[in-house]
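Here are some short exercises to work through with the coordinates open beside you. Try each task before reading its solution.

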Amino acid sequence: RVMMMREAIDDFGGRRFLLSFASLWVGSALLMGSYIGESIYRDIVIATVAAYITGNTIQKVKGEAQ
């Protein structure tokens, strides 16, 4: 079961991508429901993209070091 779940996650883009997608989806839902303002949504998008890029960079650097 664990392997099936891992393969399914990898098929959808990986853990980092799914977490980023979920964060942006929740932020969008909060914005559409008027629970947050546009400036907060902007900050969510900036932070999510920055975290995604940072994670990819760290993975690449660690991969080259091995």
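**Exercise 1: a charged pair**

Arg42 is partly exposed, its relative accessibility being 48%. Keep in mind that this is a predicted model.

*Task.* Find the residue with which Arg42 forms a salt bridge, and give the separation of the closest N and O atoms.

*Solution.* Start from the cut-off: a side-chain nitrogen of Lys or Arg has to lie within 4 Å of a carboxyl oxygen of Asp or Glu. The partner is Asp43, and the closest N and O atoms are 3.1 Å apart, so the pair meets the 4 Å limit. Next, look at the partner's surroundings: Asp43 has a relative accessible area of 39%, which makes it partly exposed. Finally, count such pairs over the structure: there is one salt bridge.

**Exercise 2: the overall form**

*Task.* Work out how many helices and strands the chain has, and decide whether the chain is spread out or a compact globule.

*Solution.* First, the secondary structure: there are three helices and zero strands, in the order α-α-α along the sequence. Second, the radius of gyration is 15 Å, whereas the globule rule gives 11 Å for 66 residues; the value is well over the rule, so the chain is more spread out than a compact globule. Third, take the extents: the C-alpha trace spans about 45 × 30 × 10 Å along its principal axes. Fourth, turn to the surface: 9% of the 66 residues count as buried. The chain exposes about 5,700 Å², with carbon and sulfur atoms supplying 65% of that area.

**Exercise 3: helix α1 and what follows**

*Task.* Decide whether α1 lies largely in the open or is covered, using its number of buried residues.

*Solution.* Begin with the count: of the ten residues of α1, zero are buried, so the helix lies largely in the open. Take Glu7 as an example from this helix, which covers residues 2–11. Its relative accessible area is 47%, so Glu7 is partly exposed. Now compute a distance: the C-alpha atoms of Glu7 and Gly33 are separated by 34 Å, with these positions 26 residues apart along the chain. To finish, check the backbone just after α1, where Gly13 takes a positive phi of about 115°.

**Exercise 4: rings and a nonpolar patch**

*Task.* Find which residues form an aromatic pair, and classify its geometry.

*Solution.* The search gives one aromatic pair. Phe17 and Phe21 form this pair, with 6.3 Å centre to centre and 25° between the planes, and it is stacked. The cut-off for that class is an angle under 30 degrees. Why are the two about one helical turn apart? Phe17 and Phe21 are four residues apart in helix α2, which covers residues 15–32. An α-helix has 3.6 residues a turn, so residues three or four places apart point the same way.

Phe17 is partly exposed at 36% relative accessibility. Both rings also belong to a nonpolar surface patch, whose other members include Phe12, Trp25 and Leu30, and which has about 880 Å² of accessible area together. Leu30 is in helix α2 and is partly exposed, at 31% relative accessible area.

**Exercise 5: a residue in α3**

*Task.* Decide whether Thr48 is buried or exposed, and list its contacts beyond four places in sequence.

*Solution.* Locate Thr48 in helix α3, residues 38–65. Its relative accessible area is 11%, so Thr48 is buried; the cut-off is under 20%. Leaving aside neighbours within four places, Thr48 is in contact with Ser20, Ser23 and Leu24.

Definitions and conventions. Residues numbered from 1 in each chain as written. Predicted model: local features only at pLDDT ≥ 70, side-chain atom pairs only at ≥ 80, totals over all residues. Heavy atoms only, no water. Buried < 20%, exposed > 50% of the residue type's maximum accessible area, 1.4 Å probe, protein only. Contact = heavy atoms within 4.5 Å. Phe/Tyr/Trp six-rings, centres within 6.5 Å; stacked < 30°, edge-to-face > 60°. Patch = residues over 30% accessible without salt bridge, like charges linked within 9 Å, V, L, I, M, F, W, Y side chains within 5 Å. Areas by Shrake-Rupley, 256 points an atom, 1.4 Å probe, with all protein chains shown as cover. Rg over C-alpha atoms; globule rule 2.2 N^0.38 Å.
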